[in-house]
Amino acid sequence: MSAAEGRTDERAEFLRDALAGLSGAPKTLPGKYLWDETGSDLFDRICAHPDYYPTKREMALLPRVAAEVAVLVGPGVSVVEFGSGASRKIRTLLDALEAPAAFVGLDISGAYLEAAIARLAPDYPGVAMTPVCADYSKPVRLPPGAAAPPILGFFPGTSIGNFTPEQASSFLARARETLWPSHFLVGADPTQDPARLRRAYGESGGLMAALHLNLLDRMNRELGSDFDRDNFRHEARLADDPFRVEAHLVAHRAASYRFGERTIHFEAGESIRTDTSHKYAPDEFRELAAAQGWDPIRLWIDDDSGFSLHLLRAR
């Protein structure tokens, strides 16, 4: 398949997913479409903002445990990172691991990933590096020879929380197939402090709103819709059973927008749910992983937020 054909297929899938979500009740859009090049850059800035605690807590915890991870997984591993983005966190692991053989970065934003790997590669001349543009919410096949066993999978941040528990179970099962035989280092966040969550997911200096409103701009640009972003505000909502933070774009006033050959109508106050972050206590996540063929090997917990890093081994 040519690059042009690939882009056409991706656009067609984006259009199908967006129409299906916006035609439902309540209206939704898959969170994976937040991550074009602009969205990835905005999230990189969010991670540096004082309100957004998960990245800071993880980056405080990861350097303290990386040497122990290296001992547990052994020398010569190939590292596969899901949602590699700016490929910054991986430096901590690569620096700690003994003679890592390869690094494969997986991300849905291909151009952003390729630029990140180009910046990373000169600092690790002995590590074979491969960027793979992939949607890890679906089955992923690694390029032949890109990651020879033993493999260490890496899924940092709170990305596991963007799946529902059922979707997270499916992801863990697929990741086991992608990475076998392997270890898997996964981050999870149990935070349930409403004030802290609203600052992180609802504020972050206005950057979180910009990230989600960019999805309207992306649909206008790539799918030919005519959303008025000024008619929408971003809102973070807390929900229970299971506990999660939901991101919504809420219409100020009633309006109709062209979308392909369809018209999408909004009542005043109606919203689009654009993303979700489920919060997992350590025992909850360990149980989830164990059910999909992963043995919990080691758990590390941040003292400030409870953010946890789980080292799993495929059985």
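Contact means heavy atoms within 4.5 Å. With that in hand, let's work through some exercises on this predicted model.

**Exercise 1. Find which residues of helix H3 and helix H7 meet, and describe how the two helices pack.**

Step 1. Locate the helices: H3 covers residues 53-73 and H7 covers residues 194-203.

Step 2. List the partners. From H3 come Tyr53, Pro54 and Arg57, and from H7 come Arg196, Leu197, Ala200 and Tyr201.

Step 3. Sort these contact residues by type: five are nonpolar, none is polar and two are charged.

Step 4. Look at the geometry. The axes of H3 and H7 are 9 Å apart, and the angle is about 100°. Angles of 65 to 115 degrees count as roughly perpendicular, so H3 is roughly perpendicular to H7.

**Exercise 2. Describe the largest cavity and work out which helix gives the most to its lining.**

Step 1. Count first: the structure has one cavity of 30 Å³ or more. The space in the largest cavity is about 30 Å³.

Step 2. Go round the wall. The lining consists of Phe82, Tyr136, Lys138, Pro139, Val140, Phe171, Arg174, Ala175 and Thr178.

Step 3. Match the lining to the helices. Helix H6, residues 165-179, gives the most, with four residues.

Step 4. Sort the lining by type: six residues are nonpolar, one is polar and two are charged.

**Exercise 3. Lysine 138 also takes part in a salt bridge; find its partner and say which parts of the chain the pair ties together.**

Step 1. Find the partner. The side chain of lysine 138 meets that of glutamate 13, with 2.0 Å from N to O.

Step 2. Place both residues. Glutamate 13 is in helix H1 (residues 3-22), while lysine 138 is in the loop between strand E4 (128-133) and strand E5 (151-155), so the bridge ties together parts 125 residues apart in sequence.

Step 3. Set the pair in context: the model has 22 salt bridges in total.

**Exercise 4. Locate the cis peptide bonds at proline 26 and proline 181, and the positive phi at serine 87.**

Step 1. Take proline 26. A cis peptide bond links alanine 25 to proline 26, with omega about 0°. Proline 26 sits in the loop between H1 and strand E1 (27-28).

Step 2. Move on to proline 181. Tryptophan 180 is joined to proline 181 by a cis peptide bond, with omega about -10°. The loop between H6 and strand E6 (182-188) holds proline 181.

Step 3. Finish with serine 87. Although serine 87 is not a glycine, its phi is positive, about 55°. Serine 87 belongs to the loop between strand E2 (78-82) and helix H4 (90-96).

How values were computed:
Residues are numbered from 1 along each chain as its sequence is written. This is a predicted model: local features need pLDDT of at least 70, side-chain atom pairs count only at pLDDT 80 or more; totals for chains, interfaces and linings use all residues. Side-chain values use heavy atoms; hydrogens and water are left out. Axes are lines fitted to C-alpha atoms, for helices over the stretch in contact, and angles run from 0 to 180 degrees between N-to-C directions. Angles under 35 degrees count as roughly parallel, over 145 as roughly antiparallel, 65 to 115 as roughly perpendicular and the rest as oblique. Ala, Val, Leu, Ile, Met, Phe, Trp, Tyr, Cys and Pro count as nonpolar, Asp, Glu, Lys and Arg as charged, and the others, Gly among them, as polar. On a 1 Å grid over the protein atoms alone, a cavity is a set of points where a 1.4 Å probe fits but cannot get out, and a pocket is an open set with protein on both sides within 12 Å along at least five of seven lines; lining residues have an atom within 4 Å of a point. Grid points are joined across faces, edges and corners, and a volume is the space filled by probe spheres set on the points. A salt bridge is a side-chain nitrogen of Lys or Arg within 4 Å of a carboxyl oxygen of Asp or Glu.
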